[in-house]
Amino acid sequence: MVGPFLQAWKHRHPSVSGHQGRYELREIVNAIFYQNRTGCQWAYLPHDLPPKSATYYYFALWRDDGTDQVIHDLLRCQARERAGRREDPTAVVLDTQSIRAANHVPAATTGKDAAKKVPGRKRGLAVDALGLIIAVVVTAASVTDNAIGVRLLDNVVAHTPSVTKAWVDAGFKDDVQIHGAVNGIDVEQVKRTDTAAGFVPIARRWVVEQTNGTLMLHRRLVREYESRPASAVSRTWWASTANLVRRLTGTATPSWRDPGRQR
């Protein structure tokens, strides 16, 4: 699914010395997928995968030039077409999630979510009606949902200008609605109801909650380990790319939370 694009990318970025590289790009992607899924440290990558030096080189390179998002968006378009929808969505759902940071994450890029009492970072997502990610923003947890919502809308407008509707929860205030109106996006709040007993999925918003749940199956995203927020964004793109590859190929990966598959 990803190979042809990466081969084309490699032809556009030849080595100055003419060296073709010791490791196949497919194996580099496998190493990124493996680390995302298992949460292992760089030094603990299995010996049958490329070492940290090669894997991190491409991870950082694709993070900085936007290749990780381009690969994801190409697969997302295929997944939408297979589901009988147009390539680009017309509506998105916004949400944020606070993630605790590891002790080595710089204090300058972290904060504390005053409402949830979570120290770390906050991940903002914009997803389509299928739960496929359209935009990702990672900030300090102290940043308000309003500020994250504005940044998400800016990213949506820049990469998916077909969007004209957005649903949000009560944490996104007037600033997001005004910013959306300025950019031609109708932002509507979908509030939780307290009249129904027990757990009740919230209309429109449940898809982004489901996406957050599938991302949590990737251990590298359960806690904030990345020194740079840009790396955390790239991790999210790769986790979603792995989910899209499985969706398109009809394969499945055993969940690390499934005790029946442990050996």
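## Exercises on salt bridges, burial and contacts

Asp-186 is partly exposed, with a relative accessible area of 42%. Buried means under 20% relative accessible area, exposed means over 50%, and partly exposed lies in between (1.4 Å probe, protein chains only).

This is a predicted model: local features need pLDDT of at least 70, side-chain atom pairs count only at pLDDT 80 or more, and totals for chains, interfaces and linings use all residues. Residues are numbered from 1 along each chain as its sequence is written, and side-chain values use heavy atoms, with hydrogens and water left out.

**Exercise 1. Find the salt-bridge partner of Asp-186 and place both residues.**

Solution.
- Start with the rule: a salt bridge is a side-chain nitrogen of Lys or Arg within 4 Å of a carboxyl oxygen of Asp or Glu.
- Side chains of opposite charge can pair when their charged atoms come close.
- The partner is Lys-165, with the closest N and O atoms 2.7 Å apart.
- Lys-165 sits in strand E5 and Asp-186 in strand E6 (residues 186–189), so the bridge ties together parts 21 residues apart in sequence.
- Helices (H or I, at least four residues) and strands (E, at least two) are DSSP runs, numbered from the N terminus.
- Now check burial. Lys-165 has a relative accessible area of 18%, so this residue counts as buried.

**Exercise 2. Trace the salt bridge of Asp-145 and the network around it.**

Solution.
- How many salt bridges does the structure hold? The count is 10.
- One of them joins Asp-145 to Lys-122, with 3.2 Å between the closest N and O atoms.
- That pair links distant parts of the chain: Asp-145 belongs to helix H5 (residues 145–159) and Lys-122 to strand E3 (residues 118–127), 23 residues apart.
- Both Asp-145 and Lys-122 are buried.
- Add Asp-113. Together with Lys-122 and Asp-145, this residue is part of a network of salt bridges.

**Exercise 3. Describe the salt bridge between Arg-235 and Glu-226 and the burial of its two ends.**

Solution.
- Take the distance: the closest N and O atoms are 3.1 Å apart.
- Take the arginine: Arg-235 is buried, at 2% relative accessible area.
- Take the glutamate: Glu-226 is buried, at 8%.

**Exercise 4. Locate Gly-171 and list what it touches.**

Solution.
- Gly-171 lies in the loop that runs from strand E5 (165–168) to helix H6 (174–182).
- Is Gly-171 buried or exposed? Neither label fits, because its relative accessible area is 29%, which makes Gly-171 partly exposed.
- Contact means heavy atoms within 4.5 Å.
- Setting aside neighbours within four places in sequence, Gly-171 is in contact with Asp-145 and Asn-146.
- Asp-145 also forms the salt bridge with Lys-122.
- Gly-171 and Asp-154 are 18 Å apart, C-alpha to C-alpha, at 17 residues apart in sequence.

**Exercise 5. Name the residues of the positive surface patch, then examine Lys-117.**

Solution.
- Set the rules. Patches are made of residues with over 30% relative accessible area and no salt bridge; like charges are joined within 9 Å, nonpolar side chains (Val, Leu, Ile, Met, Phe, Trp, Tyr) within 5 Å.
- Areas come from the Shrake-Rupley method with a 1.4 Å probe; for residues, only the protein chains shown count as cover.
- Lys and Arg count as positive, Asp and Glu as negative; His and the chain ends are not counted.
- A charge is placed at NZ of Lys, CZ of Arg, CG of Asp or CD of Glu.
- The patch brings together Arg-100, Lys-112, Lys-117 and Arg-223.
- Lys-112 is part of strand E2 (residues 111–113). Lys-117 is in the loop between E2 and E3.
- Lys-117 is exposed, at 54% relative accessible area.
- Check the backbone: phi of Lys-117 is near 60°, a positive value in a residue other than glycine.
- Most residues other than glycine have a negative phi.

**Exercise 6. Compile the surroundings of Trp-62, His-72 and Ser-227, leaving aside neighbours within four places in sequence,,.**

Solution.
- Trp-62 is in helix H3 (residues 52–65) and is buried at 0%. Its contacts include Leu-6, Trp-9, Thr-67 and Trp-238.
- His-72 is in helix H4 (residues 67–82) and is buried, also at 0%. Its contacts are Ile-133, Trp-237, Ser-240, Thr-241 and Leu-244.
- Ser-227 is in the loop between helix H7 (206–215) and helix H8 (229–249). Ser-227 is partly exposed at 40%. Its contacts are His-104, Pro-106, Thr-109 and Arg-121.
- Ser-227 and Thr-109 are 118 residues apart in sequence and 8.2 Å apart in space, C-alpha to C-alpha.
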